[in-house]
Amino acid sequence: MQAVEQELGLDPFAQAIYVFINRQRTKLKVLYWHRNGFCLWLKRLEAERFAWPDERSGVEPINAQQLQWLLEGFDLWRHAPHKTLAYSSVS
């Protein structure tokens, strides 16, 4: 909670989840506020490592689907999705 508030400058009570990883990239922790207390989830890998950006620091927003992919072992930072296109008309 202090890491979220003091080091990242974010609100630990916000409707968000905060994901942290250890240096060996074998443990991933998820922290969030739920109504009347903090929830902390831990996933520990026995033989693999989580994908995580090497050079980036700070906050990297991801959505629920990306969190699922991260937990499954996909590298979100090496493989970018297709660009979203926006058109004003079809003719």
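In this predicted model, the charged side chains of the chain divide into 11 positive and 10 negative ones. The centres of these two sets lie 4 Å apart. The accessible surface amounts to about 8000 Å², and carbon and sulfur atoms contribute 50% of that area.

The secondary structure consists of 2 helices and 3 strands, arranged along the sequence in the pattern α-β-β-β-α. The radius of gyration of the chain is 16 Å, well over the 12 Å that the globule rule gives for 91 residues, and the chain is therefore more spread out than a compact globule. Along the principal axes, the C-alpha atoms fill a box of roughly 55 × 35 × 25 Å. Of the 91 residues, 19% are buried. Among contacts with a sequence separation of 6 or more, 30% join residues that are 24 or more positions apart.

Attention may now turn to a single residue, Pro 53. This proline is located in the loop that runs between strand E3 (37-44) and helix H2 (64-72). Because its relative accessibility is 13%, and the cut-off for burial is under 20%, Pro 53 counts as buried. When residues up to four places away in sequence are left aside, Pro 53 touches Arg 25 and Trp 77. A further spatial relation links Pro 53 with Leu 76: the two residues are 23 positions apart in sequence, and their C-alpha atoms are separated by 8.5 Å in space.

Conventions. Residues are numbered from 1 along each chain as its sequence is written. This is a predicted model: local features need pLDDT of at least 70, side-chain atom pairs count only at pLDDT 80 or more; totals for chains, interfaces and linings use all residues. Side-chain values use heavy atoms; hydrogens and water are left out. Helices (H or I, at least four residues) and strands (E, at least two) are DSSP runs, numbered from the N terminus. Buried means under 20% relative accessible area, exposed over 50%, partly exposed in between (1.4 Å probe, protein chains only). Contact means heavy atoms within 4.5 Å. The radius of gyration is taken over C-alpha atoms; the globule rule is 2.2 Å times the number of residues to the power 0.38. Accessible areas come from the Shrake-Rupley method with a 1.4 Å probe; for residues, only the protein chains shown count as cover. Lys and Arg count as positive and Asp and Glu as negative; His and the chain ends are not counted. The place of a charge is taken as NZ of Lys, CZ of Arg, CG of Asp or CD of Glu.
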